[in-house]
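Dear colleague,

I am handing over the structure we spoke about, and my notes on it follow directly below. Please read them with the model open beside you.

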Amino acid sequence: MRPLLLGVLGCSLVLSVQALYSASDDVVDLTSSNFNREVIQSDSLWLVEFYAPWCGHCQNLAPDWKKAATALKGIVKVGAVDADQHKSLGSQYGVRGFPTIKIFGANKNKPEEYQGGRSSQAIVDGAMNALRALVKERLSGKSGSSGYNKQSGSGNGKKDVVELTDDNFDKMVLESDDVWLVEFFAPWCGHCKNLEPEWAAAATAVKEQTKGKVHLGAVDATVQQVLSSRYGIRGFPTIKIFRKGEEPEDYQGGRSRGDIIEKALDLFSDHAPAPEVLEILGEDILKKTCEDSQLCIIAVLPHILDTGASGRNGYLDVMMKMAEKYKKKMWGWLWTEAGTQMELESSLGIGGFGYPAMAAINTRKMKFALLRGSFSETGIHEFLRALSVGRGSTATLGGGTMPKIHTVEPWDGKDGQLPVEDEYDLSDVDLDDDFEKDEL
């Protein structure tokens, strides 16, 4: 299934590449074909695990997930998606690591991420807390049905699909630095009507996950005939991809929201620059970078007096190459000088030696993993790849909270200088006279 990965990580991963759940379990097997019907259109509360069969953490979770599903039977629905097989579903819900657990409650189009423990008791407790919150919302009249059927209406369901016309197309699409997926449709077209809710839902998800860098638009080709003629539209719906300075290309993927989102995220990662590698100058930088990312990669580099500018730049070059290699993950990348953020070092168990060091932090779960290999492209790649497939060894961040971060001045890019010691003027001291007096 993943022969290269299996070869590298060894025989431990060969234990099971089959689905972790069977028909005899109380865990509902969810797929691209039944997910909308079972989950999105349901009035029930759902806990859904997105997993990969080869993921070690997923294999460890499976017995507790089954036990929780049995305990919650008839109360809360518990399902599982093999996201390695059904990649479009994983992309649709922003899954970038395994296992990821989502709670589908009142608004099925915006599930919450489960942040609790992984034991069966913790999962049941989390489910019951979510159920109580759902019932409370319904009693207050704040929530209705899942909202799925509203997507194709004329209300907010289509708010993130940009209406394109002969007049605004060139300025909005062709002159934009962003990527556009544009649907050419006809109001009377049955396939277009079927696509409409998928296109609308995908537009909202893509806007959020790409931070507005990929857009979904729609052209009524029966009205905007200049555009229809320019791009040779002969059938409906036709979807085209527009990137600045390139010829438009036909979209060849599936028509579900998951398929559309997956393609949009691929376009985004291909088009987007690598994330910046930022120095931790204060709490704001750490908070913003880590809260916006599933993982935060933090390096603690040796003191500038130990490496000089060239040595430090060498370490930063390695980090920038890794940020480029893993840019599809949309992780945050940070660094600090040894001894500058001692509370952070202490919470990660680095503590004053072993520089350069690196840690990957999940601030939502307050978990971290440390680089045990070399601080090199190969060593860091092995570290991050293991984390990506759920093989990394993790620990709880010291204290269970983010440590105090000090405000510091940015590195000036130069070699370090030893501090200048105070000088004393001894010109008016006659050492020989003093010595003679002492002798007398």
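In which sense, left-handed or right-handed, does α11 cross α13? The crossing in which α11 passes α13 is right-handed. Before the details, please keep in mind that this is a predicted model, and that its confidence varies along the chain, as set out towards the end of this message.

To stay with that pair of helices, α11 (residues 304–325) and α13 (residues 377–388) pack with their axes 10 Å apart and at an angle of about 40°, which makes α11 oblique to α13. On the α11 side the contact is formed by Val318, Lys321, Met322 and Lys325, and these meet Glu377, Ile380 and His381 of α13. Sorted by character, the residues of this contact comprise 3 nonpolar, 1 polar and 3 charged.

A second helix pair is α3 (residues 56–71) with α5 (residues 120–140), where the angle is about 45° and the axes are 8 Å apart, so that α3 is oblique to α5. The crossing of α3 and α5 is right-handed. From α3, the residues Leu61, Asp64, Trp65, Lys67, Ala68 and Ala71 meet Ser120, Ile123 and Val124 of α5, and the residues of this contact divide into 6 nonpolar, 1 polar and 2 charged.

Helix α3 also lies across three strands, β2 (46–51), β3 and β4 (100–104), and runs at about 160° to β2. These strands belong to an open sheet of 5 strands with mixed pairing, in the order β1-β3-β2-β4-β5. At its edges stand β1 (28–30) and β5 (112–113), each of which has a single partner strand, so one side of each is left without a neighbour in the sheet. The partner of β1 is β3 (residues 77–82), with which β1 pairs in the parallel sense over 3 bridges, and within this pairing Asp29 has Ala80 in β3 as its bridge partner.

Another open sheet, again with 5 strands and mixed pairing, has the order β6-β8-β7-β9-β10, and its edge strands, β6 (161–164) and β10 (249–250), each pair on one side only. Strand β9 (residues 238–242) pairs with β10 in the antiparallel sense over 2 bridges, and the bridge partner of Lys240 in β10 is Asp250. Helix α9 (residues 257–271) lies across β7 (179–185), β8 (214–220) and β9, and runs at about 145° to β7.

Some points of backbone geometry may also be worth a look. The peptide bond joining Phe98 and Pro99 is cis, with omega about -10°, and Pro99 lies in the loop between α4 (87–92) and β4. The bond from Tyr355 to Pro356 is likewise cis, with omega near 0°, and Pro356 is placed in the loop between α12 (342–347) and β14 (357–362). Met330, in the loop between α11 and β13 (332–337), has a positive phi near 55° although the residue is not glycine. Met366, which is found in the loop between β14 and β15 (367–370), also has a positive phi, near 55°.

As to confidence, the protein averages a pLDDT of 85, and 87% of the residues score at least 70. Over residues 1–17, however, pLDDT stays under 50, and the model has 23 contacts beyond four places in sequence for this stretch. Residues 434–440 also stay under 50, with 1 such contact beyond four places in sequence. Where pLDDT is low, the predicted coordinates should not be read in detail.

With best wishes

Terms used:
Residues are numbered from 1 along each chain as its sequence is written. This is a predicted model: local features need pLDDT of at least 70, side-chain atom pairs count only at pLDDT 80 or more; totals for chains, interfaces and linings use all residues. Side-chain values use heavy atoms; hydrogens and water are left out. Axes are lines fitted to C-alpha atoms, for helices over the stretch in contact, and angles run from 0 to 180 degrees between N-to-C directions. Helices (H or I, at least four residues) and strands (E, at least two) are DSSP runs, numbered from the N terminus. Angles under 35 degrees count as roughly parallel, over 145 as roughly antiparallel, 65 to 115 as roughly perpendicular and the rest as oblique. A crossing is left-handed if the near helix is turned anticlockwise from the far one by less than a right angle, and right-handed if clockwise. Contact means heavy atoms within 4.5 Å. Ala, Val, Leu, Ile, Met, Phe, Trp, Tyr, Cys and Pro count as nonpolar, Asp, Glu, Lys and Arg as charged, and the others, Gly among them, as polar. pLDDT is the predictor's confidence in each residue, from 0 to 100. Two strands pair if DSSP finds at least two bridges between them.
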